[in-house]
Amino acid sequence: MYHKRGLWAIKAKNGGVFPKHEKKAIAAAPTEKPPKFYPADDIKKPLVNKRKARPTKLRASITPGTVLIILAGRFKGKRVVFLKQLTSGLLLVTGPFKINGVPLRRVNQSYVIATSTKVDISGVNVEKFDDKYFGKKVEKKKTKGEGEFFEAEKEEKSLLPQEKKDDQKSVDAALIKTIEAVPDLKSYLGARFSLRAGMKPHELVF
Amino acid sequence: MPFKRYVEIGRIALVNYGKDYGKLVVIVDVIDQNRALVDAPDMVRGQMNFKRLTLTDIKIDINRVPKKKTLVAALEAADVKNKWESSSWGRKLIVQKKRASLNDFDRFKIMLAKIKKAGVVRQELAKLKKETTA
C-alpha cells in the first residue's frame, strides 16, 4: 500500500518527512452554566428543512416570445404570446388584447401547450409587472350599522383603472408590429385551437 | 394473380418493422427460407426476416454479397433514390412524413390555403354551370 499510493514520492518531495498540517486552534467556548431546570420529558425538535422557495421550473420549450395555447379557463383554446415568468412561478401572458381579447394575464404552466412558433419580443418592456400588480385589491371593510344591512348592497362594479389599460396598450404596441410583419400570424393568434376528427394530441407536433 | 416482385439479389425492399423502420435496403443474399442478408449504405449489413420486408419494384444489378463500396456505387448507378422518390409509393411516404412534422402554425396556414383553393374551384364551377345552363 505504501508503494502503491506513492507515499515514498510524497515523503521525498517534502524532504524525507511526511507533510503535516498544524492543528487548527479551537477558540475556547465560553463555559456554559448548567441549566437550573431540566424538563421531565424531552421536547421534540422539528426536523431541519433546508429547502428554498423557487419559482416553478420552466419547461425548456417555453421561452419569451413563444406562442402558447391556453387549455382551461375563460380563454381556453386561445393562442397567446408568453412574456415572462413571474416570481410566483406563473407565466405572464398577453393576447395581444387587440388581436384576441386576452389581456395581460397570469397563467399556470400546467394549463398551457407550448407551440414552437416564436414572436420577437425584444421591443417590449415587461420589467414593471409582478405578482402584486395582479393581486386582488383589498378594500377596507367599513363597519356596518344595523340600518345599512337592510339597504341593498352597493353593487360596485370594479372598473379597470386607466393605468392598466395604458399598460396593456404600451405592451401590445410593439408586439403587434412584429406580429403583423409575419404573414398569417395575426389571424393565427386570433383563432382558437380545437381538436378535429383524426387529430391525435400525442402524435401532433406543436 | 402471378407474383411480379421476387426476392432476388439486388431487390430493394422497405423495412416495415423494427429498429430500421422505413428504411430502403438491398437484399444482398438469402440465408434460408425465412431470412435474408440485407444491406444499406448507412447501416451495418445484417440478417432480416422476410416478414419485416416489403418488396418494391426497384432492382439493381449486383453480385451475391458485394463489397460495401460496390454496393454504394451500384445504388448510385441505378439512381435508386430518385426512382424511389418519384414513384407514387415513395411520394406518399414523403407526404406522410411532412404531414406528421407540421407545426400548429403550419396546420393553420394549410387550412387557410385549403379554404382559398376551394373558393377558387367553387367560383370556376359556378361559372361553368352558368355557361351550360345558359
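1. Starting with charge on chain B: there are 30 positive and 15 negative charges, and the mean positions of the two sets sit 5 Å apart. Keep in mind that this is a predicted model, so everything below is read off predicted coordinates.

2. On overall shape, chain B is not what you'd expect from a compact globule. A globule of 134 residues would come out near 14 Å in radius of gyration, while chain B has 22 Å. Along the principal axes, the box filled by its C-alpha atoms is roughly 70 × 40 × 30 Å.

3. Burial and surface go next to that. Of the 134 residues in chain B, 30% count as buried. The chain exposes about 9800 Å², and 57% of that comes from carbon and sulfur atoms. As for contacts in chain B with a separation of 6 or more, 48% are between residues 24 or more positions apart.

4. The layout of chain B is easy to follow: five strands and four helices. Reading from the N terminus, the order is β-β-β-β-β-α-α-α-α.

5. Two backbone spots in chain B are worth a look. B:V65 has phi near 50 degrees, which is positive in a residue other than glycine. You'll find B:V65 in the loop that links β5 (53-59) to α1 (68-78). Its relative accessibility is 29%, so B:V65 counts as partly exposed.

6. The other spot is B:D79, also not a glycine, with a positive phi of about 55 degrees. This one lies in the loop between α1 and α2 (80-86) of chain B. B:D79 counts as partly exposed because its relative accessibility is 36%.

7. Over in chain A, check the peptide bond from A:G95 to A:P96: it is cis, with omega near -5 degrees. A:P96 belongs to the loop between β3 (91-94) and α2 (97-100).

8. That proline leads to A:D172, whose contacts beyond four places in sequence are A:T94, A:P96, A:F97 and A:K98. A:D172 itself is part of helix α5 (residues 162-181) of chain A.

9. Last one, also about A:D172: which side chain of opposite charge is nearest to this buried residue? It is A:K98, but at 8.2 Å away, and A:D172 has no salt bridge. A salt bridge here would need a side-chain nitrogen of Lys or Arg within 4 Å of a carboxyl oxygen. A:K98 does touch A:D172 as a residue, so the contact and the charge distance are best looked at separately when you inspect this site.

How values were computed: Residues numbered from 1 in each chain as written. Chains lettered and ligands numbered in written order. Predicted model: local features only at pLDDT ≥ 70, side-chain atom pairs only at ≥ 80, totals over all residues. Heavy atoms only, no water. Buried < 20%, exposed > 50% of the residue type's maximum accessible area, 1.4 Å probe, protein only. Lys, Arg positive; Asp, Glu negative; His and termini not counted. Contact = heavy atoms within 4.5 Å. Rg over C-alpha atoms; globule rule 2.2 N^0.38 Å. Areas by Shrake-Rupley, 256 points an atom, 1.4 Å probe, with all protein chains shown as cover. Charge placed at Lys NZ, Arg CZ, Asp CG, Glu CD.
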